[in-house]
Amino acid sequence: QFLDEGTGTDDRLLAVNGTVAYYLNAGTWTSTRSGLTTGSKARFTSFVDRVIMVNGAQAPAGWSGSGSFDTTNLVDAPTAKYVDVFRSRIWMANTDANPSRLFYSTAVSSAGVVTWAVATQFIDISPGDGGDIIGIKRSPKALLVFKPNHTYRVFDINTTDPDPQILVGTYSQESVVEGKDAYYFHDFTNSAIQRYDGAAPKEISKSIRPYLQAMALSNRESVAGWRDNDHIYESIGTITLNGVQFINVVVVYTISTQVWTVYSYPSQFLQGASYDDGTTIDSVVADNDGSVHRFNIGNTD
């Protein structure tokens, strides 16, 4: 969801299907960007009353909530796969040429302007260690940079972990969820869901480890997470456990009681988000059939 400040258009939900980016306009999905590369996952962040989109295939572009995508604040930005905002800068990571490189813009000016110099404004995150950057996520004290087996912390443009201090990582940016009390992410290597609150990550999923161990390798990059006010959801795909097939599994952690529940759904959820339409705040999910759903609404499964 694109969020801007003041009285702007702050209720724009965006989704990419195939080659087209759409936004929800009074209940109708309306095209706002076309010509995208099919299969290139889109990631978004909000910055200075604009939403910024990257997918690793097309040059980054931004949108104000109406009109077309353009290159405002993105001239000379890298064609990266991941994007977030941290310490008044835009950060992007993982290009085809430099999959372990983290790029940053200048700090935003009083006029809301940033610029890019990709030849000098970057940090290489342990290049050559066998793992590409899989995702980035801002936290209160550091920008978290995920690789498959490690997570690095970037505190500012001059200070980062030279070696990993967090010895777990993820294969899926979409599994990283900002909960009300901590950050949660799927750790395929250790068949776990990890909870990170600024200290050492804690594995919280021992009671459902057999389900996570039964995950197909092909699903490790497709795990998707989202949240509501007391739950963390992680969609892990179809699994076979003790000869029994469970279709499109979603494991659910209740924060207040620390209890896990396992659900099965008709389709696999590949993206999740919160959506504030001005009246209610719902969880929304996008599935592998190209549909977007409000999640857990009503009484019919």
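**Exercise 1.** Find out which residue stands opposite F185 in β17, then work out how the strands around β16 are paired.

*Solution.* Start with the partner: F185 faces Q194 in β17. A quick note before going on: this is a predicted model, where local features need pLDDT of at least 70, side-chain atom pairs count only at pLDDT 80 or more, and totals for chains, interfaces and linings use all residues. Residues are numbered from 1 along each chain as its sequence is written, and side-chain values use heavy atoms, with hydrogens and water left out.

Next, the words. Strands here are DSSP runs (E, at least two residues), numbered from the N terminus, and two of them pair if DSSP finds at least two bridges between them.

Now look at β17, residues 192–196: five bridges tie this strand to β16, in the antiparallel sense. The two form a hairpin with four residues between the strands, and there S191 takes a positive phi near 50°.

Then go to β15, residues 177–178. β15 runs antiparallel to β16, joined by two bridges, and E178 has Y183 in β16 as its bridge partner. Here too you get a hairpin, with four residues between β15 and β16.

**Exercise 2.** Is β16 largely enclosed or not, and why?

*Solution.* Buried means under 20% relative accessible area (1.4 Å probe, protein chains only). Check β16, residues 183–187: five of the five residues are buried, so the strand is largely enclosed by the rest of the structure. Split the strand by face and you see Y183, F185 and D187 on one side, Y184 and H186 on the other, all buried.

**Exercise 3.** Locate S105 and say which residues it touches.

*Solution.* S105 sits in the loop between β9 (101–104) and β10 (122–124). Its relative accessibility is 0%, so S105 counts as buried. For touching, use contact: heavy atoms within 4.5 Å. Leaving out residues up to four places away in sequence, S105 touches R89, I90, V114, T115, W116 and Q121.

**Exercise 4.** Put the strands of the open sheet in order and find which of them stand at the edges.

*Solution.* The order is β23-β24-β25, with antiparallel pairing. β23 (269–276) and β25 (292–294) are at the edges with a single partner strand each, so one side of each has no neighbour in the sheet. On average, neighbouring strands of this sheet are turned by 25° against each other, direction ignored; the axes are lines fitted to C-alpha atoms.

Finally, zoom in on one pair: seven bridges link β23 to β24 (residues 281–287), and G272 stands opposite V285 in β24.

Methods:
Axes fitted to C-alpha atoms, helices over the stretch in contact; angles between N-to-C directions. Buried < 20%, exposed > 50% of the residue type's maximum accessible area, 1.4 Å probe, protein only.
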